[in-house]
Amino acid sequence: MNPTQYYFSFYRSFDMALAGILTEAEIAAGLQSCQATDSFDYKTFFVKVGLNSKSKDQLAQVFGILDQDRSGFIEENELKLFLQNFSASARALTDAETKAFLAAGDSDGDGKIGVDEFQALVKS
């Protein structure tokens, strides 16, 4: 499998994984809210995509998708590509957006976001 095939198979599997959690309309609304550079606001995004109303189990499933290296944490490099998890054509977060997102979610100061921190951030 070449990198392009892997890339598209990954996003197809991601779409299937989110099929039972988020709707295409919710995802589109969330992405629409932060198209412009430096316009990403995690609270607005979580509300627009409906994550703030999901159960802890559903948020844990989303966390597992966002934790691309399966380390048990969402690190800064994974946060930078956060929006691309929802749509392959979405933009990467700017360094400032990424750092602000990480600072908001990293309640224990270890430089990464664990599943409990992610759930708390989404519900904040």
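Which residues is Cys34 in contact with, leaving aside its neighbours within four places in sequence? I looked this up first, and the list is Ser39, Phe40, Phe45, Leu83 and Arg91. I note that the model is a predicted one.

**Cys34**

I placed Cys34 in the loop between α2 and α3. Its relative accessibility is 2%, so I entered Cys34 as buried, the cut-off being under 20%. I also checked a pair distant in sequence: Cys34 and Ala90 are separated by 56 residues along the chain, and their C-alpha atoms lie 9.5 Å apart.

**Overall layout**

I counted seven helices and two strands in the protein chain. Read from the N terminus, the order of elements is α-α-α-α-β-α-α-β-α. The chain has 124 residues, and 40% of them count as buried. I then took the contacts between residues at least 6 apart in sequence; 56% of these join residues at least 24 apart. For the surface I have about 6600 Å² exposed by the protein chain, with 54% of it supplied by carbon and sulfur atoms.

**The largest nonpolar core**

I asked which members of the largest nonpolar core touch the most other members. They are Phe45, Phe46, Phe82 and Phe118, in a core of 28 residues. Two or more residues of this core come from each of α2 (24-32), α3 (42-49), α4 (56-66), α6 (95-105) and α7 (115-123).

I followed Phe45 further. With neighbours within four places in sequence left aside, Phe45 is in contact with Gly30, Leu31, Ser33, Cys34, Phe40, Phe82, Leu83 and Phe86. Cys34 is on that list, and Phe45 is likewise on the list for Cys34.

**α6**

Which residues of α6 are buried? I found Glu97, Thr98, Phe101, Leu102 and Gly105. These residues lie on the same side of α6, because they cover an arc of only 130° around the axis. I kept the helix rule in mind here: an α-helix has 3.6 residues a turn, so residues three or four places apart point the same way. On the other side of α6 I found Asp95, Ala96 and Ala103 exposed. I also looked up what covers the buried residues of α6, and the cover includes α3, α5 (76-80), β2 (113-114) and α7.

**α4 against α7**

I recorded an angle of about 115° for the packing of α4 and α7, and 10 Å between their axes. The handedness of this crossing is right-handed. From α4, the residues that meet α7 are Lys56, Leu59, Ala60, Val62, Phe63 and Leu66. Their counterparts in α7 are Val115, Phe118, Gln119, Val122 and Lys123. Phe118 had already come up among the core residues that touch the most other members.

**Positive phi**

I checked backbone angles last. Most residues other than glycine have a negative phi. Asp38 has a positive phi of about 65° and is not a glycine. I located Asp38 in the loop between α2 and α3; the loop between α2 and α3 also holds Cys34. Is Asp38 buried or exposed? Its relative accessibility is 52%, so Asp38 counts as exposed.

Arg70, also not a glycine, has a positive phi near 55°. I found Arg70 in the loop between α4 and β1 (73-74). Arg70 counts as exposed because its relative accessibility is 57%, and the cut-off for exposed is over 50%.

Definitions and conventions:
Residues are numbered from 1 along each chain as its sequence is written. This is a predicted model: local features need pLDDT of at least 70, side-chain atom pairs count only at pLDDT 80 or more; totals for chains, interfaces and linings use all residues. Side-chain values use heavy atoms; hydrogens and water are left out. A nonpolar core is a set of buried Ala, Val, Leu, Ile, Met, Phe, Trp, Tyr and Cys residues joined through side-chain atoms within 4.5 Å. Buried means under 20% relative accessible area, exposed over 50%, partly exposed in between (1.4 Å probe, protein chains only). Helices (H or I, at least four residues) and strands (E, at least two) are DSSP runs, numbered from the N terminus. Contact means heavy atoms within 4.5 Å. The arc is that of the directions from the helix axis to the C-beta atoms. Accessible areas come from the Shrake-Rupley method with a 1.4 Å probe; for residues, only the protein chains shown count as cover. Axes are lines fitted to C-alpha atoms, for helices over the stretch in contact, and angles run from 0 to 180 degrees between N-to-C directions. A crossing is left-handed if the near helix is turned anticlockwise from the far one by less than a right angle, and right-handed if clockwise.
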